[in-house]
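Please open the structure in your viewer and keep the sequence beside it, since this tour moves from one selection to the next. At each stop, make the selection first and then read what is there.

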Amino acid sequence: DTIGQLIEATYCIRGNGIAPYALQLVVYALRCFLDEKSVPVVPPILEFAKRDAERDMVSASVPFGFLSIGDDAFHMCTSLTSLTIPDSVATIGNHAFRCCISLTSITIPDGVTTICDETFHCCRSLTCVTLPDGVTTIGFCAFGLCRSLTRVTIPDGVTVIGDYAFHKCTSLTSITVSPSETTRFVGAHP
């Protein structure tokens with residue numbers, strides 16, 4: 001059964017154009033087998049990258065086990081309306097959802113600590129964002145041009161809000177934030 005999972009997982013990885021990781025998967029699976037642990041289909045070393053997203057997709061689910069969503073991963077996926085991000089994801093890269101003009105809402109996993117530069121830039125259908133408590137940094141223009149964004153909840157632990165973080169969010173009527181002694185920088189035109 002374990003060998004079957006290993007072969008199936010290796011085949012899936014090669015079929016999705018992620019062949020360089022096949023050897024790492026084999027090593028990871030063998031270690032799990034020797035330690036008598038179950039073998040996950042995707043090892044926690046993979047990044048969901050631009051090559052994994054299709055521009056015309058309407059909904060998507062990042063597989064459990066991925067630790068990061070890479071720079072530009074969903075950039076210009078203009079039909080994307082919903083996305084499921086597993087709790088295993090700890091990093092979301094620069095421009096990851098830039099110009100996903102149909103995306104209306106998103107749940108960011110608790111392990112994410114940084115909303116990188118232009119992560120949601122020009123997501124003009126995005127209406128509401130609640131950031132997880134672990135977020136400490138909101139990057140440059142992270143939500144810039146999110147013209148439908150009406151409310152944002154910023155957690156207490158945020159220490160940096162980058163320049164233009166909410167630039168031209170013309171519908172923004174509510175920002176819930178508890179300024180704390182740890183807030184060190186609020187950029188220009190937040």
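**The whole chain**

Read along the sequence, the protein follows the pattern α-α-β-β-β-β-β-β-β-β-β-β-β-β, and a cartoon view should therefore let you look for two helices and twelve strands, each defined as a DSSP run. Please keep in mind throughout that this is a predicted model. Of the 190 residues in the protein, 41% are buried. Among contacts with a separation of 6 or more, 27% are made by residues 24 or more positions apart.

**First stop: a sheet of three strands**

Select β7, β9 and β11, which form an open sheet in the order β7-β9-β11 with parallel pairing. Because β7 (128–130) and β11 (174–177) stand at the edges and have a single partner strand each, one side of each is left without a neighbour in the sheet. Neighbouring strands of this sheet are turned by 5° against each other on average, direction ignored.

Now look at how the strands are joined. Between β7 and β9 there are three bridges, in the parallel sense, and if you pick Thr-130 you can look across to its bridge partner in β9, Thr-153. On the other side, four bridges join β9 (residues 151–154) to β11, again running parallel, and here Ile-154 has Val-177 of β11 as its bridge partner.

Stay with β9 and show its side chains: which of them are buried, and which are not? Val-152 and Ile-154 point to one face and are buried, whereas Arg-151 and Thr-153 point to the other face and are not. In a regular strand, side chains alternate between the two faces of the sheet.

**Second stop: a loop after β9**

Move on to Val-158, in the loop between β9 and β10 (160–161). Val-158 has a relative accessibility of 4%, and because buried means under 20%, Val-158 counts as buried. If you draw a distance from the C-alpha atom of Val-158 to that of Asp-133, the viewer should give 8.5 Å, although the two residues are 25 residues apart along the chain.

**Third stop: the salt bridge**

How many salt bridges does a search of the whole structure find? The search finds one, and to see it you should select Arg-98 and Glu-118, whose closest N and O atoms are 3.5 Å apart. This pair links distant parts of the chain, with Arg-98 in the loop between β5 and β6 (114–115) and Glu-118 in the loop between β6 and β7, 20 residues apart. The two partners can also be described by their accessibility: Arg-98 counts as partly exposed at 26%, while Glu-118 is buried, with a relative accessible area of 13%.

**Fourth stop: Cys-123 and the nonpolar core**

The loop between β6 and β7 also holds Cys-123, and this residue is buried, with a relative accessible area of 0%. Leaving aside neighbours within four places in sequence, Cys-123 is in contact with Phe-97, Cys-100, Leu-145 and Cys-146. You can also compare its position with that of Ser-105, which is 18 residues away in sequence and 9.7 Å away in space, C-alpha to C-alpha.

Next, select Ile-69, Phe-74, Phe-97, Phe-120, Ile-138 and Phe-143, which touch the most other members among the 39 residues of the largest nonpolar core. Choose Phe-120 from this group and display what surrounds it: not counting residues up to four places away in sequence, Phe-120 touches Phe-97, Ile-106, Ile-108, Ile-115, Leu-126, Ala-142, Phe-143, Gly-144 and Cys-146.

**Last stop: Ser-88**

Finally, select Ser-88, in the loop between β4 (82–84) and β5 (91–92). Is Ser-88 buried or exposed? Ser-88 has a relative accessible area of 14% and is buried. What does the side chain of Ser-88 reach? It reaches the backbone oxygen of Phe-66, at 2.8 Å. When neighbours within four places in sequence are left aside, the residues in contact with Ser-88 are Pro-63, Phe-64, Gly-65, Phe-66 and Leu-67.

Methods:
Residues numbered from 1 in each chain as written. Predicted model: local features only at pLDDT ≥ 70, side-chain atom pairs only at ≥ 80, totals over all residues. Heavy atoms only, no water. Pairing = 2+ DSSP bridges. Axes fitted to C-alpha atoms, helices over the stretch in contact; angles between N-to-C directions. Buried < 20%, exposed > 50% of the residue type's maximum accessible area, 1.4 Å probe, protein only. Polar contact = N/O pair within 3.5 Å; in protein donor to acceptor, adjacent residues only side chain to side chain. Contact = heavy atoms within 4.5 Å. Salt bridge = Lys/Arg side-chain N within 4 Å of Asp/Glu carboxyl O. Core = buried A, V, L, I, M, F, W, Y, C linked by side-chain atoms within 4.5 Å.
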